[in-house]
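Please look at how the chains of this assembly meet one another, taking the interfaces in turn.

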Amino acid sequence: MIFSTEKRKALAAAFEKGDAVAGRSLTADAWRRLLRNRAAFVSLWVLGALILLALFGPFILPYDHETPDWAAFRAPPSIESGHYFGTDQNGRDVLARTLFGTRISLLVAVIATAVSVIIGVLYGATAGYIGGRLDAVMMRFVDIMYALPYILFVILLMVIFGRNVILLFIGIGAVEWLTMARIVRGQTLSLREREFIEAARAAGQTTARIITRHITPNLIGPVIIYATLTVPEIIITESFLSYLGFGVQEPLTSLGTLISEGADVMEVMPWLLFFPALFLVLFLLSLSFIGDGLRDAFDPKDR
Amino acid sequence: MKKFLLSAFAVAAFTLSGALNAQAVTLHVHNESDPASLDPHKVSGDWENRIVGDMFEGLLTEDVDAKPVPGQAKSWEISDDGLTYTFHLRDGIKWSDGAPVTADDFVFAFRRIMDPATASSYAYLQYPIKNAEPINSGEVKDLTQLGVEAVDETTLKITLESPTPYFLGALTHYTAYPVPKHVVEDKGADWIKIENIVTNGPYKAIEWVPGSHVKTEKNPEYYDFDNLKIDNVVFYVLEDASAALKRYRAGEFDILTEFPSDQYQWLQENHPGEARVAPFAGLYYYVMNSSKPPLDDARIRQALSMAINREVIGPQILGTGEPAAYSWVPPGMNNYVDTPYNAEWADLDYSAKVEKAKELIAEAGYGPDKPLEIQLRYNTNENHKRIAVAISAMWKVLGVNITLFNAETKVHYAELKKGQLEIARAGWLADYNDPVNLLQLLRSDIGDNYGRWKSEEFDALLAEAKTTQDLKARAELLYKAEKVAIDDSAAAPIYYYLSRNVVSPKISGFNSNTFDIHRTRWMSKSE
Amino acid sequence: MLGFAIRRLLSTIPVLFIALTICFFILRLAPGGPFDEERSLPENVLANLQAHYHLDKPLIEQYFRYIGSVVRGDLGPSFTTEDFTVAELIALGLPYTLILGGSAFILAILFGVASGIISGLYQNRSADYVTSATVMTGLIIPSFLMAPILQLVFGVQLEWLPVGGWGDGSIAYLTLPVIVLSLTHIARISRLMRGSLIETMSANYIRTARSKGIGEKLVVLRHAIKPALLPVLSYLGPAAGYLLTGSLVVETIFGLPGIGRYFINAALSRDYGMVLGTVIFYMVVIVILNLLVDLAYAYLDPKVRVR
């Protein structure tokens, strides 16, 4: 399921050692380098446009995502009827459904990433900061957890609790936290030795407070980069679950659901596949270029 | 571990070597799911029936149009009170290992399926047989009390609880197949393994790879062996109907037992005459929970049922033209009146139906200011989803807000059984050709009555019909019962099922029929 | 080395056990049971079935009964494929899953590494762009879309290859499923290889080698490829896991027998024994694969010494 493995691996390796970006946040310098990367720059605009479309597009369309147009079933795209992307087998506007599906896919990705970030950061920071035997045990646990067939557990979760969107978020997020925990631990190990942490310790602050107030804020840079790379991964996982029939409940929909439905009718109603697939490809490509750009912007060796 | 691996590879080698046999005529059938078993006492689905029904044969069997004809029995007599059936077996019939098929095998089989230890899930179809139900439920321990006895080697006597006009038809069902007593007693539960299996029907399983296929071969001991035109049948497991259609187009399958609705038009244009859509004795309906407000109010049930635009569902939403259903019993069943009872409002204009429905909802105290909030459940399936989406849009016009909820089949029916529903999708395919099979779904004492609709009058009419011998009077009683149910909107019938097959022009002897049963015995394949 | 392997395997046993326990109880909490069919069974029949499979016993007793039989190596009966036990089914599916997964694994490594080397050596030139773009399609098009497209083009339209099925297990039947299964991993390995080769080529010892006047080809072959392979190698463990679980889509669309399909069907039909059996199977295989990768890593990289 890993989407940008090469980047993630490279990052994970660098971050785990704690030498790559220790303590540096998204500086103006890095930001400038990112904008100078043409692919990343264009991708930022494409991504921004997609997000705006998904969020606000449905409000300005003449049709909504759930009401059938009894006059137009399985209608191909047409300018006159106002169904610019055509309609589906229930007479629903494909443009409205695609935008709505993009919105849900985005939501799944953002929330699942947040879940993985929260668990991963807390776990990794605790292990890294406290260190010693606890660290060894916690990290061994992560190693072993890597060996479990997660997607099976997510499927079991969906089987048990029904097609619940919230659970989908949590389930996928819970799968993705492991690498995050490793990265955060590596960073924390090097942060721990820094003067300001020692100062806080000398001032008598509690461990919990040091972790939440001093360590975590300094992890933002690597965490953001890694999270960018996690989002496409989650979108692909969601579409995989949708194909298996564990997607969101109607009349909600997601890009994965739309594509798996469209794949069945690609010869007779190609528009049902083409438009959602186009959105997914644009979305994944732009995220991938931004991820590349972010990595290059932060990679000390590339300078 | 070593042994485990060895056997794994042995199995693989065995199945991989089942290579091409150039001369043999092989029929390739798309069969959706994996069979649970090849044991006729342990199966329950039509995909299992296709295989098992080719391998075993009951006292009666189905002809090319799925009508009951003599099978292992050549003739029979029925006593005047309709309670005793005496069957005479064909001469010289044999199991595939050469042992004779005797009346004893039948007695053994009927006792076995009723034995609680067998845990057969479909045993209840043979409950018309005397003492079957008490034995199956464990009230009577003595299996010999069952009303089936061997008079001699080739004569079998079956006694019934009460006269049952459809009993001969029920004997074609796989619950009435014999099993080889000598093999079952010898091998126990393993008798059905490929290396042990012995059959009395036209075919015999020779290979089974779960998740891939079951392969059968014709049985040389079968009495009609000389007329079998197909040498081997391969039943493929493939749940994905669009993948199956692609394989059909590439010539890998000869028969598809389902096709994606959206491709129907395409099929008609590109493979004219190959998609076979025909009436099927079954009903697709929505149950409404009559035990809880708001659906305990018949006016609301009727309003919802009226507002379903059935005429667009078959032709437009499904695209295969399933006929709109306004009655509970599908047209054309045996032992019934000519036309089933249609709802009084069936012939109104759709707009008039919607107006009337709005009035009913208002009468019941709901409307735009006080909308009804109802959950509609369906089991995960593309067609069920489309119908649910369309119907909830039709109901929205009445000011009814629907929340859709889909779950896989196991969850769906588990919740329905617990009564955890407001409105839910359900369907029924007739097991035998008699209206009782469908009407009993609305009996208040039966588990399949998911809506918990209860009418003493209905129950009394069905009970009276059960003891009525005169078929005409019985049909009248059943018709009255159907009227009671439909007038009270016990549930909302939506459409009558159609069987949907795709049959290659190379195949002949595949006749469309109301039970969608097509035995390979009658088919042939030209190259 | 052997001691390390044994210790690693032993330390995973408690985790496997806990995962199994969680799965067991989670499955039983799930709504719906193995005998909830479209037609409800009469109560006495249901009781017969439940008694037959000991499902009428208290849950905790069922749990211990199950664990007991697993320890003895018996995975119990399957509810949905009654004529086979769970162990028999897994043994049946295993060769298919191994052939499919193994072929895809080899294909992914061969094509992934090769295309990664091309991209890496011609970094930011047209050869790199063409290769990278081709390879990226594997990441961006989900397998459940790629499969029907390939079936339609190569099976139905061109009639070059069978659309589906295992057939006689020949290469023709395996081609499409193996390609679909390996595409994502070709892409991942290729990207990994490209990145690490670029990094290696800028390392000091490569510069030294070049300065000695060794030909470029020899530099790459002798000095760059082996160290550049290390990150690829560490990805192979997880990749094998993804290949195994990812095969369920491919198995479903192509109608192949295999463990992934058994798992998904068992989960949907509440075939408790079969779900747990496949989960155990996956966990054991993935643990072993990860161990093999670790050992290979230690063998290739002198800096890593097994603890």
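The paragraphs below follow chain B of this predicted model through its contacts with chain A and then with chain C.

Where chain B faces chain A, 26 residues of chain B are in contact with 21 residues of chain A, and the two chains bury about 2100 Å² between them, with 45% of that area on carbon and sulfur atoms. Four salt bridges are found across this interface, including one in which the side chains of Glu66(A) and Lys396(B) meet at 3.7 Å, N to O, and nine residue pairs are in polar contact, both residues being at pLDDT 80 or more. On the side of chain B that touches chain A, two or more residues come from each of helix 7 (241–249), helix 10 (310–318), helix 12 (382–396) and strand 14 (400–407), and helix 12 of chain B provides the largest share, eight residues. By class, this side of chain B divides into twelve nonpolar, six polar and eight charged residues.

Turning to chain C, 57 residues of chain B are in contact with 55 residues of chain C, and about 4600 Å² is buried between these chains, 56% of it on carbon and sulfur atoms. The count of salt bridges here is three; Glu408(B) and Arg270(C) meet through their side chains in a salt bridge of 3.1 Å, N to O. Among the elements of chain B that each supply at least two residues to the side touching chain C are helix 1 (2–16), helix 7 and strand 15 (423–429), and helix 1 of chain B gives the most, with eight residues. The residues on this side of chain B comprise 30 nonpolar, ten polar and 17 charged.

Notes
Residues numbered from 1 in each chain as written. Chains lettered and ligands numbered in written order. Predicted model: local features only at pLDDT ≥ 70, side-chain atom pairs only at ≥ 80, totals over all residues. Heavy atoms only, no water. Contact = heavy atoms within 4.5 Å. Buried area = accessible area lost by both parts, 1.4 Å probe. Polar contact = N/O pair within 3.5 Å; in protein donor to acceptor, adjacent residues only side chain to side chain. Helix = DSSP H or I, 4+ residues; strand = E, 2+ residues; numbered from the N terminus. Nonpolar A, V, L, I, M, F, W, Y, C, P; charged D, E, K, R; others polar.
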